[in-house]
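Here are a few exercises to work through with the model open beside you. Try each task before reading its solution.

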Amino acid sequence: MKEDNCLHAALICMGMLYYSHAITTEKLNHGRPSLHGHHEKGKEGQVLHRSKRGWVWNQFFVIEEYTGPDPVLVGRLHSDIDSGDGNIKYILSGEGAGIIFVIDDKSGNIHATKTLDREERAQYTLTAQAVDRNTNRPLEPPSEFIVKVQDINDNPPEFLHENYHANVPERSNVGTSVIQVTASDADDPTYGNSAKLVYSILEGQPYFSVEAQTGIIRTALPNMDREAKEEYHVVIQAKDMGGHMGGLSGTTKVTITLTDVNDNPPKFPQSVYQMSVSEAAVPGEEVGRVKAKDPDIGENGLVAYSIIDGDGVDMFEITTDYETQEGVVKLKKLLDFETKKSYSLKVEAANVHIDPKFISNGPFKDTVTVKITVEDADEPPIFLKPSYIFEVQENAASGTVVGKVHAKDPDAANSAIRYSIDRHTDLERYFTINAEDGNIKTVKALDREEIAWHNISIFAVEVHKQHQEAKVPVAIKVIDVNDNAPKFAAAYEAFVCENARSNQQFITITADDKDDSANGPRFIFSLPPEIIHNPNFTLRDNRDNTASVFVRREGFSRQKQDLYLLPIVISDGGLPPMSSTNTLTIRVCGCDSNGSLLSCNAEAYILNAGLSTGALIAILACIVILLVIVVLFVTLKRQKKEPLIVFEEEDVRENIITYDDEGGGEEDTEAFDIATLQNPDGINGFIPRKDIKPEYQYMPRPGLRPAPNSVDVDDFINTRIQEADNDPTAPPYDSIQIYGYEGRGSVAGSLSSLESATTDSDLDYDYLQNWGPRFKKLADLYGSKDTFDDDS
């Protein structure tokens, strides 16, 4: 508190000092001689008048952060024309005028009404003007002046970062630069020592130091070891006022990490490693691991392993696992316990990257002895060869020896071996093997043309240890025997022109043989001895496995013979040779003068010989006309209407028996079988039609009773009407059968109602009254006259 009061007193004193200086300057300005009316001669005798500046003032200062009870007097403005009678009015404008700075319009005194902060704004530009108080007429031109804010030490130093991180290699020399820290002070660096900073170290001695003026941190101790301590925490202070008493300060924390250098060689923790491996292990299998420790990290701690000596250099190898930094010992070749039971290796571990600065700390490598013991294992049998190739002739007799395989037990027990064939490789069972001695024999004859190579597999198994087995591939080649005769290479069919010339070649043939090349070509072509002097064709062997066929004579005729069959004998080059007779089909064809094929049909040739082109066209036209007539006839016949309903049985009209009487009531049924009117198809609900095709089969509706077999006409008609109403296949119109006459030889004549009405009849139709209500109309028409008269 006392320090603050002293500071305020000092600031007030400084302000009064500046104010006194301004007043003194102002008084001096009052004593300055007036420049009004000063004359100066110019060119050509012209008198120039220079106006004298009327303002009397200096640059003003005001101390920042002043917190007194009264406004601070900044300065006073005064014009030389001011006589003190109060007629002049001073006006202030510009930055902060009326808000921060106010002016007494009579005296010209300027005061600061607010506390100022230089760090926010260092100066203000204002404009002063003197005017007539009554008329506001400017008495002097306006003039600018500056009010500067005087700095005080009110801002402590601040570092750019609150925390710094830096690295420096371990074992660095004293004075090695680590990092530079920088602080800034908001105070005015041009005034006093408020912004003059000095750096010092508060924490981190005696390992590090800092330069007071620059803030550079340097190492202070030699040979700092990362493996002993890797990280350091340093606190740096920046103080203003040049570091003197009363200055403000700020601090920052710096974390310094020692980076690794390769200053430590790898070391094995033990001098000898013991390992063991089974003799059944395969090359590439891991035997064991060794590890040399290196306290360095990163690439400085990388270690490479190698075998530099020992009797197992050829049997083992070592690789480096860079993830675990271990040396992996692996098997390089197959081991045999019975041959050698132990091996010794000398393994070296060396740093991959070496720093020349610390080469004197070397050597950066170490060695260790690795002893490997071979363990005995029960091994499977071993064949003397990795594979076998045998040969056997085709068609060899069953039981022919093909070859022999042999395997042995590598163990000291030397167990007996049994052999067998993997039947998955010999599905047809062409071979068998002796289980004791390994002799392979044929089971049936082999055909090279069917299978030229047989690839089988043979198992060898220890007698007392069935799980120990070995497998070896055996390839058996079937040697060719000349057992196939050559044949035509294709189904040849030759063509000869009728006008062919003598000795003209018309086809070249070749042959094919299923046997191997040693028993196949070269092929020999010839004609059979009995037709060697064939009058029509001859053959020439080209001696390149082909033969050419020639025409021996001229003048072939299709009328006489249009087809020739020429037998050709083909022999191969085998021992003994084999031959076959093949037939070449030769057709005689018509050709033009250039030898181009026209036709090979004998009938077409005959027509061309007997008829001209016009005659052939006329014949074809007649044939077409006849075909058209036949088609029209068939079409018209099909358009003839046929009965809509076809019964499987004959038409019922053919079953009607003609009799002399036209009536007789129930007696008529003796000569007429009413069952013929009952259509069996109608009973089943289906009536075939020729004019329509039913969309579905008609089925009798439930509850519909079948047609009765009695002679009750009324029931029969009702049944037929109901069937017709429910039949979807029935025609949509009435089918009327028209008859030209009603019968012959009837003494009663016609039953027509028209004729009865115009002709007197003695017949009695009174019995119609007994036929029921349906026949009442007929009974009334044809009843007795007396009855009719009575009714009328």
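Before starting, a definition for the accessibility steps: buried means under 20% relative accessible area, exposed means over 50%, and partly exposed lies in between (1.4 Å probe, protein chains only). At 46% relative accessibility, C622 therefore counts as partly exposed.

This is a predicted model, in which local features need pLDDT of at least 70, side-chain atom pairs count only at pLDDT 80 or more, and totals for chains, interfaces and linings use all residues. Residues are numbered from 1 along each chain as its sequence is written, and side-chain values use heavy atoms, with hydrogens and water left out.

**Exercise 1. The open sheet**

Task: work out the strand order of the open sheet of four strands, and find which strands stand at its edges.

Solution, step by step:

- Strands here are DSSP runs of E with at least two residues, and helices are runs of H or I with at least four, both numbered from the N terminus. Two strands pair if DSSP finds at least two bridges between them.
- Reading across the sheet gives β4-β11-β10-β7, and the pairing is mixed.
- β4 (60-63) and β7 (88-94) each have a single partner strand, so they are the edges, and one side of each lacks a neighbour in the sheet.
- On average, neighbouring strands are turned by 30° against each other, direction ignored; the axes behind such angles are lines fitted to C-alpha atoms.
- Now zoom in on β7: seven bridges join it to β10 (residues 123-132), and the two run antiparallel.
- As a landmark, look for K89, whose bridge partner in β10 is V131.

**Exercise 2. The disulfides**

Task: find how many disulfides the whole structure holds, and describe each one.

Solution, step by step:

- Search for pairs of cysteine sulfur atoms within 2.5 Å, which is the criterion for a disulfide. The search finds two.
- Take C497 and C591, with sulfur atoms 2.0 Å apart. The torsion about their S-S bond is about -80°, so this disulfide is left-handed.
- Place this pair on the chain: C497 is in β38 (residues 493-497) and C591 is in β44 (residues 579-591), 94 residues apart. Both cysteines are buried.
- Turn to C589 and C600, whose sulfur atoms are 1.7 Å apart. With 100° about the S-S bond, their link is right-handed.
- C589 lies in β44, while C600 is in the loop between β45 (597-599) and α2 (602-610), eleven residues away.
- Check accessibility: C589 is buried at 0%, whereas C600 is partly exposed at 27%.
- Finally, number the bonded cysteines in sequence order to get the pairing 1-3, 2-4.

Terms used:
Axes fitted to C-alpha atoms, helices over the stretch in contact; angles between N-to-C directions.
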